[in-house]
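Colleague: I would like to learn how to read the pockets and the overall form of a model. Please take me through one case.

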Amino acid sequence: MSKVKDNDTVKVHYTGKLDNGQVFDSSVDREPLEVKLGQGQLIPGFEKGLIDMEVNEKKTITIAKAEAYGEVNEELFQKVAKTQLPEDLKPEVGMGLVGSNAQGAQQQFRVAAVNDDHIIVDANHPLAGQDLTFDLEVVEIL
């Protein structure tokens with residue numbers, strides 16, 4: 001039987017979990033993820049976990065943060081004066097925000113702290129600093 005190798009296009013069902021067992025994403029109730037390996041579309045540990053799997057094979061992998069979204073980068077925290085926020089915005093910890101740079105490119109942030117005159121926003125990926133577990137099932141090798 002054929003096995004997944006570099007540069008294959010595969011369809012895979014997955015369920016991603018945090019260390020505490022909380023599911024953060026799953027394809028089980030929707031179409032499987034279709035992706036061409038070797039294109040940088042997946043976190044490295046996810047892609048490595050698919051290599052050598054066969055169609056209909058299931059396995060569980062644990063991905064260290066270094067092979068997932070990396071460590072939390074303290075340089076991606078930024079202080080923003082409340083006067084720079086829309087007047088009707090009531091920031092809360094955990095709230096998602098979108099900001100634009102001078103060139104108009106948008107970036108997503110998460111509110112990390114709220115103070116009297118400013119907020120602290122975090123541009124790290126929400127899963128940065130965490131080891132991840134994935135249940136994988138290869139549905140098809142295209």
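Modeller: We go from the fold to the pockets, and then to one loop residue. This is a predicted model, in which local features need pLDDT of at least 70, side-chain atom pairs count only at pLDDT 80 or more, and totals for chains, interfaces and linings use all residues. Residues are numbered from 1 along each chain as its sequence is written, and side-chain values use heavy atoms, with hydrogens and water left out.

Colleague: Which elements make up the secondary structure of the chain?

Modeller: Helices (H or I, at least four residues) and strands (E, at least two) are DSSP runs, numbered from the N terminus. Here there are one helix and nine strands, in the order β-β-β-α-β-β-β-β-β-β from the N terminus on.

Colleague: What radius of gyration does the chain have, against that of a compact globule?

Modeller: The radius is taken over C-alpha atoms, and the globule rule is 2.2 Å times the number of residues to the power 0.38. For 142 residues a compact globule would come near 14 Å, but this chain has 19 Å. Along the principal axes, its C-alpha atoms fill a box of roughly 60 × 35 × 30 Å. Of the residues, 32% count as buried (under 20% relative accessible area, with a 1.4 Å probe and protein chains only).

Colleague: What volume does the largest pocket have, and which residues lie nearest its centre?

Modeller: On a 1 Å grid over the protein atoms alone, a pocket is an open set of points where a 1.4 Å probe fits, with protein on both sides within 12 Å along at least five of seven lines; lining residues have an atom within 4 Å of a point. Points are joined across faces, edges and corners, and the volume is the space filled by probe spheres set on them. The largest pocket has about 290 Å³. Its lining has 15 residues, with Val-80, Val-98, Gly-99, Ser-100 and Phe-109 nearest the centre. β5 (77-81), β6 (96-100), β7 (106-114) and β8 (118-122) each supply at least two lining residues, and β6 gives the largest share, four.

Colleague: What is the volume of the second largest pocket, and what lines it?

Modeller: The second largest pocket has about 170 Å³, and its lining includes Tyr-14, Phe-24, Asp-25 and Phe-134.

Colleague: Where is Gln-39, and is this residue buried or exposed?

Modeller: Gln-39 sits in the loop between β3 (33-36) and α1 (44-50). Its relative accessible area is 45%, so it is partly exposed, the class between 20% and 50%. Val-28 is eleven residues from Gln-39 in sequence, yet the two are 23 Å apart in space, C-alpha to C-alpha.
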